[in-house]
Structures are given as structure tokens and as C-alpha cells.
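Trainee: Could you take me through one part of this model closely? I would like the loop residues first, then whatever lies around them.

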Amino acid sequence: MAMAMAMASPLTLFLQWSMPTSQAFIRLSTPAACRSFTFCCWTRLPRQYVHRHAAFGRGRKWHYNPCLRHSRQLTNVTVESNMLYSGKQVRVTEPLHKYILAHTREPQILGELREETSNMVGSEMQVSPEQGQFLAMLVQLIRAERCVEVGVYTGYSSLAVALVLPDSGHLVACEKDEISLGIAQKYYKRAGVTHKVDVRQGLALNTLRDLIQDDKANSFDFAFLDADKRKYKEYYELLLELVRPGGLVVIDNVLWYGKVADLQENERRTQSLREFNSFVLCDERVSISMVPIGDGMTLCRKRDSKSCPHTMT
């Protein structure tokens with residue numbers, strides 16, 4: 001923080017103050033000739049520190065930050081430019097994506113499922129091979145045994161997860177479409193993982209509520225959400241209740257083909273995803289990381305209710 005203050009003299013320092021929580025949100029902006037940015041850190045500042053530095057820079061502004069409404073530990077800060085970090089961003093062009101795919105390990109059975117699905121209407125709903133590999137890696141890293149997936153489609157992601165679960169592992173697979181679910185079940189059988197997968201055909205919201213009523217709350221290690229974007233918040237709340245502290249909820253399509261960042265795009269699903277992403281950003285029940293893989297994934301690690309939020313996530 002001292003370093004940020006030291007370099008702030010040619011900048012504008014904005015402070016957002018939350019009276020109920022006695023916390024501040026710091027914003028730095030460059031002069032008009034430079035690219036504007038918002039400096040990002042998770043911080044909690046004493047009142048006297050804020051007062052001492054409020055006049056630092058070329059101006060100040062006080063206004064309300066919605067993320068502070070219920071916050072007791074942290075303020076929320078975002079990065080809008082690469083001026084204060086390394087700027088290591090790569091635009092994934094078609095040649096680069098082919099390179100990524102060439103360096104992705106895809107079991108043969110998943111490749112065959114992907115090929116069959118590619119000829120179907122709605123094949124764009126299938127996760128990419130690198131996403132499937134990523135999900136499998138996450139499941140292995142947290143040593144998950146109990147998983148739930150909302151939105152199976154033809155089963156690529158659920159099969160990727162089931163393949164790496166231990167023999168005693170259990171995956172609840174929720175899907176309402178009978179035709180696509182039939183394809184998924186065919187590949188579960190071919191891969192020899194049928195005993196690990198509990199297929200639930202029907203409305204996923206009902207299935208998740210049934211699991212909670214059956215005393216399955218806080219019993220799952222891992223959840224993957226890839227369903228109706230307009231209902232993401234409803235799914236998320238139920239999945240968060242089902243997942244244990246320390247467990248993961250992974251949400252797909254959070255970048256929505258880049259439309260979430262295009263203010264000209266106002267289609268309902270795009271607006272719903274924008275609202276959902278903002279909601280998760282402010283949700284202190286989880287630690288988060290939005291990852292630009294595939295169509296964008298957000299990883300949410302459920303916090304213990306008694307633990308302090310992490311300073312970065």
C-alpha cells in the first residue's frame with residue numbers, strides 16, 4: 001500500500017467510504033492523457049489512515065460501493081487496466097487455440113463423444129477439451145469424491161469428472177433433455193463409470209432441493225454449473241448449500257462469448273450473466289477466481305463461516 005501511495009502524486013485518488021463498516025475503497029485514476037485504471041487490492045483501512053491520505057493526489061470523491069453493504073472484513077476492488085501489473089495477456093487466436101488443443105490430454109472416449117456431439121444441434125453447449133481437462137484436474141487436486149453437475153448435455157464434462165473419481169466416487173448428473181442424456185449414458189457405460197454416476201432427469205432446481213431435503217447439505221466436494229444462464233443465481237445458492245466448506249463450485253460461460261463486456265449487448269442471458277458475475281464478486285461466502293478458459297469459468301471455493309476471507313480472493 002505504501003508503494004501505491006508513493007506513486008500516486010500524478011494521479012487522482014478516489015475513496016469510497018462505508019460508514020457501517022468503517023472501511024474504504026481506494027481508486028486511482030491517471031490524468032486524461034494516460035489510460036485510466038482502477039487499482040486493485042483487498043484492503044481494510046483505519047479511519048485515521050483514510051483521513052490522512054484523502055487529499056493525496058489531484059482530487060477526491062466519495063460515493064457508495066454496493067459490495068460494502070454487508071462487508072465486515074474486506075472491501076471489493078477491481079482492476080480495469082494492466083498499468084499496475086505485468087500485462088501478461090494472450091489473445092487466443094485460432095492458431096493458438098489449435099496449439100492449446102494439441103497440448104491437451106484427451107482420453108479417447110472423450111474424443112469420440114466430442115466428435116458425435118459435434119454433429120448435433122446445440123453442439124456449442126459442449127465444453128471444450130481444455131475445459132474438460134481443467135475440471136478433471138480440479139477434482140483430482142481437491143481429492144473430490146462427491147460431485148454434482150447441473151446441465152449435463154451429452155456428458156463430456158461429467159464423463160471427464162467421472163473418469164478421475166475414485167471407484168467409490170459419486171456424481172449426481174442433472175439434465176432435463178432425454179435425448180442428450182441418452183447419449184451421455186451410452187458413454188458412461190462404454191467408459192465403465194456407470195456405477196459412479198447418479199443420473200437425475202428432470203428440472204435441476206427440483207433435484208437440488210430434493211438433495212438438500214435428504215440431508216445432503218455440506219456433503220459435496222465439487223459442483224459444476226452449466227445450465228440456464230437466467231437461473232444461475234438460483235442454482236448457485238442451492239449448490240453452495242450442498243457443497244462443504246472448502247469445496248468448489250465451478251460456473252461455466254461467465255464470459256459469454258465476450259458479450260458481458262460489450263455494453264451494446266443487452267440480450268436477457270447476457271444481462272443475467274453480468275448481474276450474476278457482479279453478485280459473485282461481492283459474495284464473501286466464497287473465494288473466487290474468474291478464469292478465461294473456454295467461454296470463461298469462475299471458481300468459487302466455499303469458505304468456512306468462521307474463517308477470515310483471504311486477502312486476494
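Mentor: K231 is partly exposed, with a relative accessible area of 32%. That term covers the range between buried (under 20% relative accessible area) and exposed (over 50%), computed with a 1.4 Å probe on protein chains only. This is a predicted model, in which local features need pLDDT of at least 70 and side-chain atom pairs count only at pLDDT 80 or more, while totals for chains, interfaces and linings use all residues. Residues are numbered from 1 along each chain as its sequence is written, and side-chain values use heavy atoms, with hydrogens and water left out.

K231 sits in the loop between β6 (220-225) and α9 (232-242). Helices (H or I, at least four residues) and strands (E, at least two) are DSSP runs, numbered from the N terminus. From K231 to L205 the C-alpha distance is 9.2 Å, and the two are 26 residues apart in sequence. D228 is also in the loop between β6 and α9. D228 is partly exposed, at 24% relative accessible area. Its C-alpha is 8.1 Å from that of G151, with their positions 77 residues apart in sequence.

Now the second largest pocket. Its volume is about 1100 Å³. A pocket here is an open set of points on a 1 Å grid over the protein atoms alone, with protein on both sides within 12 Å along at least five of seven lines; a 1.4 Å probe fits at the points, and lining residues have an atom within 4 Å of one. Grid points are joined across faces, edges and corners, and the volume is the space filled by probe spheres set on them. The lining has 37 residues, and the closest to the pocket centre are M125, D226, A227, K229 and N253. Helix α5, strand β4 (170-175) and helix α8 (204-213) each supply at least two lining residues. By class, the lining has 13 nonpolar, 11 polar and 13 charged residues. Ala, Val, Leu, Ile, Met, Phe, Trp, Tyr, Cys and Pro count as nonpolar; Asp, Glu, Lys and Arg as charged; the others, Gly among them, as polar.

Follow α5 next. Helix α5 (residues 129-141) packs against helix α6 (residues 156-164) at an angle of about 35°, with the axes 9 Å apart. Axes are lines fitted to C-alpha atoms, for helices over the stretch in contact, and angles run from 0 to 180 degrees between N-to-C directions. The crossing of α5 and α6 is right-handed: the near helix is turned clockwise from the far one by less than a right angle, whereas anticlockwise would be left-handed. On the α5 side, P129, G132, L135, A136, V139 and Q140 meet Y156, S157, A160, V161 and V164 of α6. Contact means heavy atoms within 4.5 Å. This contact has eight nonpolar, three polar and no charged residues.

L135 leads on to β7. V250, in strand β7, touches L135, L138, F222, A223, F224, L225, M297, T298 and L299, not counting residues up to four places away in sequence. V250 is buried, with a relative accessible area of 0%. The C-alpha atoms of V250 and L138 are separated by 9.6 Å, across 112 residues of chain. G247 lies in β7 (residues 243-252) as well. G247 is buried, again at 0% relative accessible area. Apart from neighbours within four places in sequence, G247 contacts D221, C300, R301 and K302. Its C-alpha is 9.8 Å from that of C147, 100 residues apart along the chain.

Two tyrosines have notable backbone values. Most residues other than glycine have a negative phi. Y153 has phi near 55°, a positive value. Y153 is in the loop between β3 (146-150) and α6, and is buried at 10% relative accessible area. Y257 has a positive phi near 60°. Y257 is in the loop between β7 and α10 (268-281), and is exposed at 51%.

Y153 also connects to S180. Leaving aside neighbours within four places in sequence, S180 is in contact with Y153, T154 and E175. S180 is in helix α7 (residues 178-191) and is buried, with a relative accessible area of 2%.

Last, the whole chain. It has 10 helices and nine strands. Of its 313 residues, 46% count as buried. Among contacts with a separation of 6 or more, residues 24 or more positions apart account for 70%.
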